[in-house]
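Reader: I have a structure open and want to go through its rings, helices and loops. Can you take my questions as they come?

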Amino acid sequence: MSSARVHSSSPSLLSDFKEITKMRLAISVVFSSVAGYFLGAETVDFVVVLLLAIGGYFMVGASNAYNQIIEKDLDALMDRTKNRPVPSGRMSVTTAFIIASVFTILGLVVLYIINPKTAMFGAISIFLYVSIYTPLKTKTPLSVFVGAFPGAIPFMLGWVAASGEFSIEPGTLFMIQFFWQFPHFWAIGWWLYDDYKKGGFFMLPTGKRDKGTAIQIVLYVVWTILVSLIPVFGVTGRLFLTPVSGIIILLLGLGMLYYAIRLFKLKTADAAKKLMLASVSYITLLQIVYVLDKFIREWI
């Protein structure tokens with residue numbers, strides 16, 4: 001009987017761990033960091049890749065755990081978050097805080113082993129996300145602007161892990177992911193507008209699902225595409241993109257732009273959801289194209 005209880009609780013413990021650290025989000029962040037590392041590394045060191053993946057997961061997991069502690073009462077009001085471990089009562093605030101604190105320490109230590117600058121940017125990311133972005137979400141739509149800074153660090157972080165330096169190359173990677181955050185999170189804010197409203201979150205630039213928000217989404221998609229193509233022109237140091245890859249990135253961007261214009265025309269939650277999915281596909285495929293472009297050039 002005791003054994004049966006252990007088996008039945010294990011999946012719940014695992015699912016709660018996945019939820020408190022937002023495993024899927026954390027993995028996508030790790031993916032961005034590793035892509036940045038491959039772009040910046042002159043010789044790939046898979047020990048560093050492993051450390052970056054582990055340290056990155058710890059840092060993102062810690063940020064998400066702190067976030068869910070701070071927002072536990074608001075999460076309880078929203079359909080999409082009320083079943084999270086802390087607001088549902090399956091996990092105590094103390095347990096969540098211990099997980100977040102241990103992950104923060106381990107994450108910083110692991111990233112510091114790579115190099116001090118990587119740990120520094122990791123620390124900046126978690127501080128901005130937890131101490132500034134999270135409290136601002138219920139105060140002002142500018143929270144998305146603030147949140148775009150920690151959200152843009154992972155892609156850049158990989159290059160810093162590879163080189164130990166912050167320069168124009170990681171700065172460009174930062175810009176790409178920074179501007180991408182706006183259409184991505186505004187699409188989520190539009191799609192889940194009614195649920196966010198229950199928690200008192202202000203995610204859309206005008207505060208409403210209106211023409212003004214839709215126009216800004218379209219403009220930021222255009223800007224994201226333009227910034228993504230800068231490396232084609234050979235002005236970003238070692239970060240370079242061939243014209244062929246540039247055309248692929250442009251086509252991917254036009255695909256995202258199509259869904260942004262579609263949202264502008266329809267102004268529906270379904271159109272916003274499709275734009276959100278298109279934005280995730282864009283940034284993921286962009287990173288893959290960037291990495292493949294580099295290695296194909298080196299092999300030829």
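Author: What follows is a set of short answers about a predicted model.

Reader: Start with the aromatics. How many aromatic pairs are there?

Author: The count comes to 21 aromatic pairs. One of them is Phe149 with Phe174, where the ring centres are 6.1 Å apart and the planes stand at 45°, so the pair is tilted.

Reader: Why tilted, and not stacked or edge-to-face?

Author: Planes under 30 degrees apart would count as stacked and over 60 as edge-to-face. The planes of Phe149 and Phe174 are at 45°, so this pair falls into the tilted class.

Reader: Which helices do Phe149 and Phe174 lie in?

Author: Phe149 is in helix α8 (residues 143-163), while Phe174 is in helix α9 (residues 168-191), so the pair ties together parts that are 25 residues apart in sequence.

Reader: Phe149 and Phe174, buried or exposed?

Author: Phe149 has 31% relative accessibility and counts as partly exposed. Phe174, at 17%, counts as buried.

Reader: What kind of aromatic pair do Tyr196 and Phe201 form?

Author: Tyr196 and Phe201 are edge-to-face, with 6.0 Å centre to centre and 85° between the planes. Both residues are buried. The ring of Phe201 also has the charged end of Lys137 over it, 4.9 Å from the ring centre.

Reader: Back to Phe149. Which residues do ring pairs link into a cluster with Phe149?

Author: The cluster takes in Phe145, Phe149, Phe174, Phe178, Phe179, Phe182, Trp186, Tyr220 and Trp223.

Reader: Helix packing next. How do the axes of α7 and α8 cross?

Author: The axes of helix α7 (residues 116-136) and α8 come within 9 Å and cross at roughly 165°. That makes the two helices roughly antiparallel. The crossing is left-handed.

Reader: Which residues make the contact?

Author: On the α7 side they include Phe121, Ile124, Leu128, Tyr129 and Ile132. On the α8 side they include Val146, Phe149, Ile153, Met156 and Val160. Phe149 therefore has a part both in this contact and in the tilted ring pair with Phe174.

Reader: What sits in the loop between α8 and α9?

Author: Phe166 has its place there. Its relative accessibility is 44%, so Phe166 counts as partly exposed. Leaving aside neighbours within four places in sequence, Phe166 is in contact with Lys117, Phe121, Met156, Val160 and Gly171. Lys117, Phe121, Met156 and Val160 are also among the residues of the α7 and α8 contact.

Reader: How far apart are the C-alpha atoms of Phe166 and Lys117?

Author: They are separated by 8.2 Å, with the two positions 49 residues apart along the chain.

Reader: And the axes of α2 and α3, at what angle do they cross?

Author: The axes of α2 and helix α3 (residues 46-70) cross at roughly 145° and come within 9 Å. This crossing is right-handed. The contact includes Ile27, Val30, Val34 and Tyr37 of α2 and Val49, Leu52, Gly56 and Tyr57 of α3.

Reader: What about α11 and α12?

Author: Helix α11 (residues 211-228) and α12 have axes that come within 9 Å and cross at roughly 175°. The two are therefore roughly antiparallel to each other. Among the residues that meet are Ile215, Val218, Val222 and Ile225 in α11, and Leu250, Leu254, Leu257 and Phe264 in α12.

Reader: Which lysine lies over the face of Phe264?

Author: Lys267 does, at 4.8 Å from the ring centre. Lys267 is in the loop between α12 (243-266) and α13. It counts as partly exposed, at 33% relative accessibility.

Reader: What is phi of Lys267?

Author: Phi of Lys267 is near 55°, a positive value in a residue other than glycine. Lys22 also has a positive phi, about 50°, although Lys22 is not a glycine. Lys22 lies in the loop between α1 (2-20) and α2 (23-40).

Reader: Which residue in the loop between α4 and α5 should I look at?

Author: Arg84 lies there, between α4 (72-75) and α5 (85-88). At 7% relative accessibility, Arg84 counts as buried. Apart from neighbours within four places in sequence, Arg84 is in contact with Glu19, Lys22, Gln68, Asp75 and Arg90.

Reader: And how far is Asp270 from Arg84, by C-alpha atoms?

Author: Their C-alpha atoms are separated by 24 Å, and the two are 186 residues apart along the chain. Asp270 lies in helix α13 (residues 269-299). With a relative accessible area of 42%, Asp270 is partly exposed.

Note on methods. Residues are numbered from 1 along each chain as its sequence is written. This is a predicted model: local features need pLDDT of at least 70, side-chain atom pairs count only at pLDDT 80 or more; totals for chains, interfaces and linings use all residues. Side-chain values use heavy atoms; hydrogens and water are left out. Rings of Phe, Tyr and Trp (its six-membered ring) pair if their centres lie within 6.5 Å; planes under 30 degrees apart count as stacked, over 60 as edge-to-face and the rest as tilted. Helices (H or I, at least four residues) and strands (E, at least two) are DSSP runs, numbered from the N terminus. Buried means under 20% relative accessible area, exposed over 50%, partly exposed in between (1.4 Å probe, protein chains only). A charge sits over a ring if NZ of Lys or CZ of Arg is within 6 Å of the ring centre and within 35 degrees of the ring normal. Axes are lines fitted to C-alpha atoms, for helices over the stretch in contact, and angles run from 0 to 180 degrees between N-to-C directions. Angles under 35 degrees count as roughly parallel, over 145 as roughly antiparallel, 65 to 115 as roughly perpendicular and the rest as oblique. A crossing is left-handed if the near helix is turned anticlockwise from the far one by less than a right angle, and right-handed if clockwise. Contact means heavy atoms within 4.5 Å.
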